[in-house]
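Subject: Structure handover and notes

Hello,

Please find the structure we discussed below. My notes come after it.

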Amino acid sequence: MVKRDQNKIRKYGQVIEALPSLHFRVRLEDGKEILAHLAGRLRIYRIRVLPGDRVTVEMSPYDPEKGRIVYRGK
């Protein structure tokens, strides 16, 4: 079993733009825009993420401008 790092910050947002190489521009609930990539599990199970989707983003406290999408909502 893999333990997740407890220092990760989870925020909710909406995908506003799909970029090449499975990168996305995400607008967070606080209005900030970040660059995010898909987490490995979403790639393995081929979960499609499109502009307009609500997502959960995991970010490092050291670089709040980048993150990874760990969950796609409806």
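The notes below cover the strands and turns, then the salt bridges, then one buried acid and one surface patch.

This is a predicted model, in which local features need pLDDT of at least 70 and side-chain atom pairs count only at pLDDT 80 or more, while totals for chains, interfaces and linings use all residues. Residues are numbered from 1 along each chain as its sequence is written, and side-chain values use heavy atoms, with hydrogens and water left out.

Strands and turns

Helices (H or I, at least four residues) and strands (E, at least two) are DSSP runs, numbered from the N terminus. Two strands pair if DSSP finds at least two bridges between them. On that basis, β1 and β2 are antiparallel partners with six bridges. β1 covers 9-19 and β2 covers 23-28. On its other pairing, β2 runs antiparallel to β3 (residues 33-38) over five bridges. R25 is a useful reference point in β2: E17 has R25 as its bridge partner, and R25 also stands opposite L35 in β3.

The side chains of β2 alternate between two faces. F24, V26 and L28 point to one face and are buried (under 20% relative accessible area; exposed means over 50%, partly exposed in between, with a 1.4 Å probe and protein chains only). H23, R25 and R27 point to the other face and are not buried.

The hairpin of β1 and β2 has three residues between the strands. Two residues in this loop have a positive phi without being glycine: S21 at about 65° and L22 at about 55°. S21 counts as exposed, at 60% relative accessibility, whereas L22 is partly exposed at 40%. The hairpin of β2 and β3 has four residues between the strands, and there the positive phi, about 95°, belongs to G31 in the turn.

Salt bridges

A salt bridge here is a side-chain nitrogen of Lys or Arg within 4 Å of a carboxyl oxygen of Asp or Glu. The structure holds seven of them. Those worth listing include the following.

- E33 and R27 meet at 2.8 Å, N to O. E33 is partly exposed, with a relative accessible area of 35%, and R27 is partly exposed at 39%.
- E29 and R54 meet at 3.3 Å, N to O. This pair links distant parts of the chain, with E29 in the loop between β2 and β3 and R54 in strand β4, 25 residues apart. E29 is exposed at 58%, while R54 is partly exposed at 37%.
- E65 and K32 form a salt bridge whose closest N and O atoms are 3.8 Å apart. E65 lies in strand β5 (residues 63-72) and K32 in the loop between β2 and β3, so the pair ties together parts that are 33 residues apart in sequence. E65 is partly exposed at 43%, and K32 is partly exposed at 30%.
- R10, E58 and R68 are linked in a network of salt bridges.

A buried acid

What does the side chain of D53 reach? D53 sits in the loop between α1 and β4 and is buried, yet has no salt bridge. The nearest side chain of opposite charge (Lys and Arg count as positive, Asp and Glu as negative; His and the chain ends are not counted) is R72, 4.1 Å away. The side chain of D53 does reach the backbone nitrogen of L50, at 2.8 Å. For reference, a polar contact is a pair of N or O atoms within 3.5 Å; within protein, one must be able to donate a hydrogen and the other to accept it, and residues adjacent in sequence count only if both atoms are side-chain atoms.

A surface patch

I44, Y45 and I47 make a nonpolar surface patch of about 340 Å². Patches are made of residues with over 30% relative accessible area and no salt bridge, with like charges joined within 9 Å and nonpolar side chains (Val, Leu, Ile, Met, Phe, Trp, Tyr) within 5 Å. Accessible areas come from the Shrake-Rupley method with a 1.4 Å probe, and for residues only the protein chains shown count as cover. Y45 is in the loop between α1 (40-44) and β4 (54-60) and is exposed, with a relative accessible area of 59%.

Regards
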